[in-house]
Amino acid sequence: MLDVGCGAGQTTRLAARAAGNGSVLGLDLSGPMLDRARTLAAGEGLHRITFEQVDAQVHPLPTAGFDVAISRFGIMFFDDPAAAFGNIGRALRPGGRIAFVSMSDPARTEWVQAFAAVRAALPLPPQADGTPAGRGMFSLSDPAEIRRILGAAAFTDVRIEPAEAPGRFGRDVQDAAEHLLASGPLRHLTGLLDPAATDGRAGADLVRDALTTALAPYERPTGVELRTAAWVVTATRP
Ligand SMILES: C[S@@+](CC[C@H](N)C(=O)[O-])C[C@H]1O[C@@H](n2cnc3c(N)ncnc32)[C@H](O)[C@@H]1O
């Protein structure tokens with residue numbers, strides 16, 4: 001099995017357990033995420049699992065070397081999605097399958113709405129996003145686009161099903177705000193703040209306050225829970 005954009009390898013480890021005597025290769029761009037993935041896999045005694053720090057779009061994979069490719073939100077960031085899915089498709093044996101989840105409707109994804117509220121509350125320079133059009137996490141949110149890209153990569157029997165689930169972001173609002181403040185997207189946002197526009201306050205304090213306000217509606221007795229809406233996509237390599 002192949003896990004594309006495996007991050008810290010949670011799905012890679014699940015795949016290794018499901019694979020029995022089979023083996024799993026996890027691919028990711030991030031060295032620190034893969035260090036964590038290797039540590040966790042070794043800690044769970046999973047030895048038929050390897051990780052490589054590569055760009056899945058262009059990395060030469062063994063032709064027809066895998067039965068199944070999976071990805072949990074790791075296939076939405078390619079410069080050239082058609083090339084990337086072509087590369088993954090060539091790595092699957094005839095009859096091999098791909099199954100992945102990609103972001104669907106931002107309006108139904110509560111953490112996207114909360115992040116938008118945080119951005120709106122901050123004195124950010126105009127157009128301070130930095131994500132080129134079409135390359136963000138919603139690049140595969142349109143089912144017609146998913147079908148077009150998978151079709152161009154010669155996949156067939158494409159099925160696209162909606163799914164929604166809550167994610168737990170912290171024990172309470174303060175815990176969730178600290179967790180998010182340390183994440184890549186929020187550190188990026190903090191770095192965009194111009195000290196001249198923050199009335200002498202530290203950027204991190206402004207972002208923490210904005211996060212606390214934006215997350216408050218999502219606090220439950222079980223923790224801070226925000227829903228994600230996704231597509232579950234499956235297809236076959238003929
Ligand atoms: C949203 S995270 C998902 C991580 C993991 N699949 C999970 O569910 O926890 C997206 C991951 O895709 C990786 N990624 C993005 N573009 C990639 C590429 N071209 N090749 C390999 N990995 C990539 C990122 O480094 C990141 O770890």
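## Phe 85 and its aromatic neighbours

Phe 85 has 1% relative accessibility, so this residue counts as buried (under 20% relative accessible area, with a 1.4 Å probe and protein chains only; exposed is over 50%, partly exposed in between). Phe 100 is buried as well, at 2%. This is a predicted model, where local features need pLDDT of at least 70, side-chain atom pairs count only at pLDDT 80 or more, and totals for chains, interfaces and linings use all residues. Residues are numbered from 1 along each chain as its sequence is written, and side-chain values use heavy atoms, leaving out hydrogens and water.

The structure holds three aromatic pairs (Phe, Tyr or Trp rings, the six-membered one for Trp, with centres within 6.5 Å; planes under 30 degrees apart are stacked, over 60 edge-to-face, the rest tilted). Phe 78 and Phe 85 have ring centres 6.1 Å apart and planes at 85 degrees, so they meet edge-to-face. Phe 85 and Phe 100 form a tilted pair, because their planes stand at 45 degrees, with centres 5.6 Å apart. Together, ring pairs join Phe 78, Phe 85 and Phe 100 into a cluster.

## Around the ligand

Now to the ligand: one of its oxygen atoms is 2.6 Å from a side-chain N or O atom of Asp 28. A ligand nitrogen lies 2.9 Å from a polar backbone atom of Ala 56, and a ligand nitrogen is 3.4 Å from a polar backbone atom of Leu 29. Taken alone, the ligand exposes 600 Å², of which the protein buries 79% (Shrake-Rupley areas, 1.4 Å probe).

Key. Polar contact = N/O pair within 3.5 Å; in protein donor to acceptor, adjacent residues only side chain to side chain.
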